[in-house]
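Reader: I am in my first year and would like to look closely at one part of this structure. Could you take me through the salt bridges slowly, and tell me where their partners sit?

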Amino acid sequence: MNQADGMDILVIGGTGPTGPHIVNGLVDRGHTVTILHTGRHEVDTIPDHLEHIHTDPFDEDAFRSSIEGRNFDVVFAMYGRLRSIVKVLVGRTPRLISIGGVPVYSGYAEPAVEFPEGMAVPTSEDALLVGDERSGPKPLKMAESEELTFSLHPDATHFRYPYIYGPNQVLPREWTLVKRALDGRQRVIVPDGGLTVATSAFVENATSAVLLAVDHIDASAGEIYNVGDDRQFTYAQIAQIVGDELGNPFELVSVPGELAATGGPFLLNHSSAHSILSTEKIRQQLGYRDKMDPEEGLRRTVRWQAENLPGDAGAATRLQDPFDYAAEDALIAATERYAEAIGRIEWEQLPGWTFGYYGPRENPGGRRGSFRA
């Protein structure tokens, strides 16, 4: 069985980056949709005729009272305290669809807890989850909430969101690059060459992934799915796209990750380790494909931020990026002095790139002299 027609659906949240797209997608599919949220952030892209329930989804008693006497065919739990929500919803819906995140994977929040360090590349849904507080208390609570969800709702469908990019993102990491481009910065620091790859998803692609749970209501029951664009970019590639879109190409300055303080607000972590998710399961079981080309989605995100975020101090505050260009210039200068010192090291014989090397540069193997990057 695939999509059921005319279902009565409750969406808890619905006003965040993916929420309005999910609500509108459900309406377009002919379902009756009720939105439950605080009411502090109404969105004009949601149809006016929909019922709104205004309450605090983080308060278990308030949430229980707000839906007293009501049942729903499907409930989307996209906001609030999941462990409280799933308790209240027992007996009120046969199909729960919940949204979580990738910090549940061991090695994501703290790569050093795994050996070898970091997450598997790629990480599938059956990978080891956080089991203690070595990765911090929040990832452990997320993992415990997932376990509770399925113990109370065995037919639930759970999605693990990566970073979601697009308009209206509360934590717009691309702003760390967009603002620098708007400010005319020519040189941008990237940790470890900007080679970090962390799975992300454009807002419309994440929406399309989640709606597949309704379109395939039986096949998705009891399943967990990673969410992510089919195509991913390195930090350096994202910086290049941002600079190109805004007509301010960057020169990328590589700094060792542990010294590149400016990378933190973009990486959302203290480490430059990869976090690459496998999305093979949702592609094979539910037929997921990107709705929007990721590069075009990124360019749309950049344009939206350039038009809407200048003058908004809140974005920089949430990202904790001081945009301290004097300090950045000093770090770049120190990095150049460091590189000069390395360049003066004399080698009896320079290491080569092996006889298997292919490329336009001269293979240094067998030559005497100083190292030049």
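**Salt bridges and the parts they link**

Author: The count of salt bridges comes to 26, and since the model is a predicted one, each value below is computed from that prediction.

Let us begin with Glu328 and Arg180, which form a salt bridge whose closest N and O atoms are 2.6 Å apart. Glu328 belongs to helix α12 (residues 325-343) and Arg180 to helix α5, so this pair ties together parts that lie 148 residues apart in sequence. Are these two partners buried or exposed? Because buried means under 20% relative accessible area, Glu328 is buried with its relative accessible area of 6%, and Arg180 counts as buried with 3%.

Helix α12 also provides a partner for a second bridge, in which the side chains of Arg187 and Glu336 meet at 2.6 Å, N to O. Here Arg187 is in strand β8 while Glu336 is in helix α12, and the pair links distant parts of the chain, 149 residues apart. Arg187 is partly exposed, with a relative accessible area of 29%, and Glu336 also counts as partly exposed, at 34% relative accessibility.

A third bridge leads to helix α7 (residues 235-245), for the side chains of Arg299 and Glu245 meet at 2.7 Å, N to O. Arg299 lies in helix α10 and Glu245 in helix α7, so that this pair, too, links distant parts of the chain, with their positions 54 residues apart in the sequence. In this case one partner, Arg299, counts as buried at 15% relative accessibility, whereas the other, Glu245, is partly exposed with a relative accessible area of 21%. Both residues also take part in a network of salt bridges, whose members are Arg231, Asp244, Glu245, Glu295, Glu296, Arg299, Arg300 and Arg303.

It is worth staying with helix α7 for a moment, and asking which of its residues are buried. They are Tyr235, Ala236, Ile238, Ala239, Ile241, Val242 and Gly243. The elements that cover these buried residues include α5 (175-182), β8 (187-191), β11 (251-255), α8 (264-267) and α10 (294-308). Some of these names have come up already: α5 holds Arg180, β8 holds Arg187, and α10 holds Arg299, the partner of Glu245. Just after α7, finally, Gly247 takes a positive phi of about 65°.

Methods
Residues are numbered from 1 along each chain as its sequence is written. This is a predicted model: local features need pLDDT of at least 70, side-chain atom pairs count only at pLDDT 80 or more; totals for chains, interfaces and linings use all residues. Side-chain values use heavy atoms; hydrogens and water are left out. Buried means under 20% relative accessible area, exposed over 50%, partly exposed in between (1.4 Å probe, protein chains only). Helices (H or I, at least four residues) and strands (E, at least two) are DSSP runs, numbered from the N terminus. Contact means heavy atoms within 4.5 Å. A salt bridge is a side-chain nitrogen of Lys or Arg within 4 Å of a carboxyl oxygen of Asp or Glu.
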